[in-house]
Amino acid sequence: MSSSNDEPLRRVLIASANPLFGRGLQKMVAQRWAGRNVEIRLAGSMEEASASLEEWQPDLVIVDYDDVGRPGSIQRSTFLSHFISEERPMQVMLVSLRESGEVVVYDRRMLTPDQAEDWLDLPWMPAPAADAARQQPAPQIPAAPAPSPEPAAASVPAFVPALAGPQSVSQFIPRSGGMKHYISVGVITVILTLLVGFGLQAADLTPRPSSAQAVPIDSMIHLQTWMIAFLFSLIVAFIGYSIFGFRHKNPNEYGAPFKSSTGLEVAWTLVPLITVIVLSFIGAQDLAAVRRVDPQALEVKVTAFQWGWAFEYPDSGVKSNQLYLPVNKQVHLSLTSRDVIHSFWVPEFRVKQDVLPGANLVKELRINPTQIGDYKVRCAEMCGGAHALMESPVKVVSQADFDAWIAQQGNTANLSPADRGKNVAQTTGCLSCHTTNGAPLVGPTWKGLYQHEVPLADGTRVVADDAYIHTSIVDPNAQVVQGFPQGVMQSYKGQLSDEQINDIIEFIKTLK
Ligand code: CUA
């Protein structure tokens, strides 16, 4: 380009690593401003672009917005950050840098080829006198070498009406009536919170609370239900209101740009912070209430195994496969596992405790049952094939009934050996894997076992006599029955005395 009149020189830098973009735009600009005093320079790399920016001081920089991700491409964000100090919430395609250091940023938009013609009619390019028809009421932009006479802050806002003029496809939607919208959303949020909150409570998601520990836990659930209802409603109300309240038919319309709000940012930092601190305080108090120790607590040892529960009352020596508890008295459970990790859970009591194998990993749990009734302890940790069936009865009874039950359980002196064996089989957990009705479960059934021939995994056959059953209990993997996997049953050597094993054999004899 050469100067055809006294017009000051305008420098245009086109930054793109894509030669088609650069030359195409160069041609377009050159044609559009033919005969004008314009110099166009192409920058095909970050280094070139940055160097030109510093040394050449262009009046207009056109950045290839899509030139990202290829080797040597102009990384627009990195590139633009050279001279944009204040972050702006808009996508940038085209940037005009002025001598005063001010930056004019254009939105990215879709244009047809003839609209692009108009788009190049930029206010920084004053029309020559001969071309008065194209004159725009644009703000005055100082010539490149001259110092800027106007205040810096006025330039960008003053530029906006030019974009919204008749030649532009873009129009800004004014932001107005903000308080009215907030009040509407507030009312919707309150109504929705009440609906969701009461709805969740009416759904009755938890079983009847039946322990002292359930009280603080349920109050936390109650509080959190309302917080969940409020947060859900707040988000849904804002989204829903925005979808229907701010719907616009013309996709080319833009909303007015947002400015940051310090008050809002302080509020959304402080409110959650204080909420979390208050919640953690309530949580700590409730945890202390749940773990409160009663020195008079009833001691019960709980053993979990695949797949059942065994309970032992050390004060009386009673063993049971049911958990009997006196009402309104704290029970102190010491829990251990014979094999894998299980979890002790009675939903009505709310509290839950993992049960781990290992003598030094005994866990404890304190429960004060408050409601007489029948419950079930279930395993809340996936522990193998019959995990879902790992349940035992829990009976909360009056102190008198509890004492009577303990007395009855302890009185085994006049039981027959077979009845004693049945008790041992129940409280040891044998019957969790072996049925007495003929159906195989985890292990073979005990019905009709005694003195019958058993096919073994190695193809031999053996008669199930006293010696075979005794061996199967203390060394279960020595003679595995055909059709059952090796290594599933553990040895009960040391856990059961010879007398107890003999009682079990007597019990099996009765299962004809
Ligand atoms: Cu034990 Cu699941």
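Reader: At what angle do the axes of helix 7 and helix 8 cross?
Author: First, the ground rules: this is a predicted model, where local features need pLDDT of at least 70, side-chain atom pairs count only at pLDDT 80 or more, and totals for chains, interfaces and linings use all residues. Residues are numbered from 1 along each chain as its sequence is written, and side-chain values use heavy atoms, with hydrogens and water left out. Helices (H or I, at least four residues) and strands (E, at least two) are DSSP runs numbered from the N terminus, while axes are lines fitted to C-alpha atoms, for helices over the stretch in contact, with angles from 0 to 180 degrees between N-to-C directions. On that basis, the axes of helix 7 (residues 214–245) and helix 8 (residues 262–290) come within 9 Å, and their crossing angle is roughly 160°.

Reader: Is helix 7 roughly parallel or roughly antiparallel to helix 8?
Author: The crossing angle is roughly 160°. Under 35 degrees counts as roughly parallel, over 145 as roughly antiparallel, 65 to 115 as roughly perpendicular and the rest as oblique. That makes the two helices roughly antiparallel.

Reader: And is the crossing left-handed or right-handed?
Author: The call depends on how the near helix is turned from the far one by less than a right angle: anticlockwise is left-handed, clockwise right-handed. Helix 7 passes helix 8 in a crossing that is left-handed.

Reader: Which residues of helix 7 make the contact?
Author: Contact here means heavy atoms within 4.5 Å. Helix 8 brings Thr275, Leu279, Ile282, Gly283, Asp286, Ala289 and Val290. Facing them from helix 7 are Pro216, Ile217, Ser219, Met220, Leu223 and Met227.

Reader: Over to the sheets: in the order 10-9-8-12-15, which are the edge strands?
Author: Two strands pair if DSSP finds at least two bridges between them. This five-strand sheet is open, with mixed pairing. Each edge strand pairs on one side only, and these are strand 10 (318–320) and strand 15 (363–367).

Reader: What is the bridge partner of valine 331?
Author: Strand 12 (residues 331–337) pairs with strand 15 in the antiparallel sense, over five bridges. The partner of valine 331 sits in strand 15 and is isoleucine 367.

Reader: There's another open sheet, 11-17-16-13-14, so which strands does helix 9 touch there?
Author: That sheet also has five strands, with mixed pairing. Helix 9 packs on the sheet, its direction making about 140° with that of strand 11. The strands touched are strand 11 and strand 17.

Reader: How many residues apart are lysine 395 and aspartate 374?
Author: A salt bridge needs a side-chain nitrogen of Lys or Arg within 4 Å of a carboxyl oxygen of Asp or Glu. Lysine 395 and aspartate 374 qualify, their closest N and O atoms being 3.7 Å apart. Lysine 395 is in strand 17 (residues 391–397) and aspartate 374 in strand 16 (residues 373–379), a separation of 21 residues.

Reader: Is aspartate 374 buried or exposed?
Author: Buried means under 20% relative accessible area, exposed over 50%, and partly exposed in between, with a 1.4 Å probe and protein chains only. Lysine 395 comes out partly exposed at 22%. Aspartate 374 has 60%, so the verdict is exposed.

Reader: Which residues are linked in a network of salt bridges?
Author: Arginine 378 meets glutamate 391 at 3.5 Å, N to O. Arginine 378 lies in strand 16 and glutamate 391 in strand 17, so the pair ties together parts 13 residues apart in sequence. The network consists of Lys376, Arg378 and Glu391.
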